[in-house]
Amino acid sequence: MASFHSVTGCAYKADAYDNIWLSYNIPNSVAINTSLDIDTRASTYGLPVGVLMTACRSLNLSYSLSFSFSYNSASSTSQYFTVIHFAEIAEDARNKLTQFNISFNDFDNTKRTITLEYLKALSLSFQNLTTDGDFSLTLVATPESDLPPILNALDIYQVLHFPNSPTHQSDGT
C-alpha cells in the first residue's frame with residue numbers, strides 16, 4: 001500500500017488556499033517521491049510543489065490504480081467539482097511514455113486519456129459530477145505506455161447551493 005497526497009495532515013506555506021493535505025492507502029500501489037524541480041506552469045490551482053513531489057504508482061502496467069472513497073453528502077445527489085494533479089516524478093521515467101485512461105465513477109464525461117511529461121505538472125478539473133458522495137477513481141495504463149499510472153493529489157469540492165440571496169432585495173437601488 002502506498003501513500004497518496006503528501007504527508008498526513010501536512011500544510012504547506014506555499015498553498016494558496018491553506019489546504020491540509022491528507023494521505024490515503026491505495027491497494028496495489030507503491031509510493032514514490034523526488035527532490036527534483038517540477039515545472040508547475042500547467043497546474044493553475046495554487047497547488048504547492050511539495051504536494052507534487054510525492055505520488056503513488058500502480059505496481060506494474062497490468063495493475064490499474066483504483067480506489068473508492070466516500071465524501072459526506074448533504075443530500076442523496078450532490079454536485080461536486082474535482083481537480084486531479086499529476087507529475088511524472090519517477091527517476092526511470094525520463095524518455096519513457098506515461099499514458100493512462102482515467103475515469104470517475106465511470107461517468108462518460110470524465111473519461112480521458114492522460115499523457116504525462118517528465119517533471120511537468122498537469123492538473124485536470126472535472127465539473128458537475130453528481131453523486132451520492134461515493135467516488136471511484138480508476139487509472140489504467142494504455143497499451144502504448146512504458147510506465148504504470150501515477151497519481152499525486154486529488155481535490156474534491158462539494159457545490160453548496162444557498163436558499164437565500166446573499167444580499168437584500170433593496171440593495172443597489
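The exercises below, each with a worked solution, concern a predicted model of one protein chain.

**Exercise 1. Overall make-up**

Task: State how many helices and strands the protein chain has, and what share of its residues is buried.

Solution. Start with the secondary structure: the protein chain holds 1 helix and 14 strands. Next take burial: of the 173 residues, 42% are buried. Then turn to the contacts between residues at least 6 apart in sequence: 75% of these join residues at least 24 apart. Last comes the surface: the accessible area of the protein chain is about 9,600 Å², and carbon and sulfur atoms account for 49% of that area.

**Exercise 2. A nonpolar patch**

Task: Find which residues make the nonpolar surface patch of about 280 Å².

Solution. The patch is made by Ile20, Leu22 and Tyr24. To place Ile20 in the secondary structure, look at strand β3, which covers residues 20-21 and contains Ile20.

**Exercise 3. The sheet of 3 strands**

Task: Give the strand order of the open sheet of 3 strands, and explain why β11 and β14 each have a side without a neighbour.

Solution. The order is β11-β8-β14, and the pairing is antiparallel. Strands β11 (121-131) and β14 (153-159) stand at the edges with a single partner strand each, so one side of each has no neighbour in the sheet. With direction ignored, neighbouring strands in this sheet are turned by 15 degrees against each other on average.

Now take one pairing in detail. Strand β8 (residues 78-87) pairs with β11 in the antiparallel sense over 9 bridges. Within the sheet, Phe86 stands opposite Leu122 of β11.

**Exercise 4. Surroundings of Thr82**

Task: Decide whether Thr82 is buried or exposed, and list its contacts beyond four places in sequence.

Solution. Thr82 belongs to strand β8. Its relative accessibility is 0%; residues under 20% count as buried, and therefore Thr82 is buried. With neighbours within four places in sequence left aside, Thr82 is in contact with Phe104, Leu124, Ser125, Phe126, Leu129, Leu154, Asp155 and Ile156. To assign some of these, compare them with the strand limits: β11 spans 121-131 and β14 spans 153-159.

**Exercise 5. Salt bridges**

Task: State how many salt bridges there are, and describe the exposure of the partners in each.

Solution. The count is 3 salt bridges.

- Asp39 and Arg41: their side chains meet at 2.7 Å, N to O. Asp39 is partly exposed, at 22% relative accessibility, whereas Arg41 is exposed, at 70%.
- Arg57 and Glu88: the closest N and O atoms of this salt bridge are 2.5 Å apart. Arg57 sits in strand β6 (residues 54-58) and Glu88 in the loop between β8 and β9 (98-104), so the pair ties together parts 31 residues apart in sequence. Both Arg57 and Glu88 are buried.
- Lys120 and Glu117: their side chains meet at 3.4 Å, N to O. Lys120 is partly exposed, with a relative accessible area of 36%, and Glu117 is partly exposed too, at 49%.

**Exercise 6. The sheet of 4 strands**

Task: Give the strand order of the open sheet of 4 strands, and name its edge strands.

Solution. The order is β7-β12-β9-β10, with antiparallel pairing. The edge strands are β7 (65-70) and β10, each of which pairs on one side only. From one strand to the next, the twist averages 20 degrees.

**Exercise 7. Strand β9 and its partners**

Task: Explain why β9 is largely enclosed, and state how many bridges join β9 to β10 and to β12.

Solution. Of the 7 residues of β9, 6 are buried, so this strand is largely enclosed by the rest of the structure. On one pairing, 5 bridges join β9 to strand β10 (residues 112-116), and the two run antiparallel. Two opposed pairs belong here: Ile102 stands opposite Arg112 in β10, and Thr98 stands opposite Leu116 in β10. On the other pairing, 5 bridges join β9 to strand β12 (residues 134-141), again antiparallel. There, Asn101 stands opposite Val140 in β12. As general background, strands of a sheet pair through backbone hydrogen bonds, either parallel or antiparallel.

Conventions: Residues are numbered from 1 along each chain as its sequence is written. This is a predicted model: local features need pLDDT of at least 70, side-chain atom pairs count only at pLDDT 80 or more; totals for chains, interfaces and linings use all residues. Side-chain values use heavy atoms; hydrogens and water are left out. Buried means under 20% relative accessible area, exposed over 50%, partly exposed in between (1.4 Å probe, protein chains only). Contact means heavy atoms within 4.5 Å. Accessible areas come from the Shrake-Rupley method with a 1.4 Å probe; for residues, only the protein chains shown count as cover. Patches are made of residues with over 30% relative accessible area and no salt bridge: like charges are joined within 9 Å, nonpolar side chains (Val, Leu, Ile, Met, Phe, Trp, Tyr) within 5 Å. A salt bridge is a side-chain nitrogen of Lys or Arg within 4 Å of a carboxyl oxygen of Asp or Glu. Two strands pair if DSSP finds at least two bridges between them. Axes are lines fitted to C-alpha atoms, for helices over the stretch in contact, and angles run from 0 to 180 degrees between N-to-C directions.
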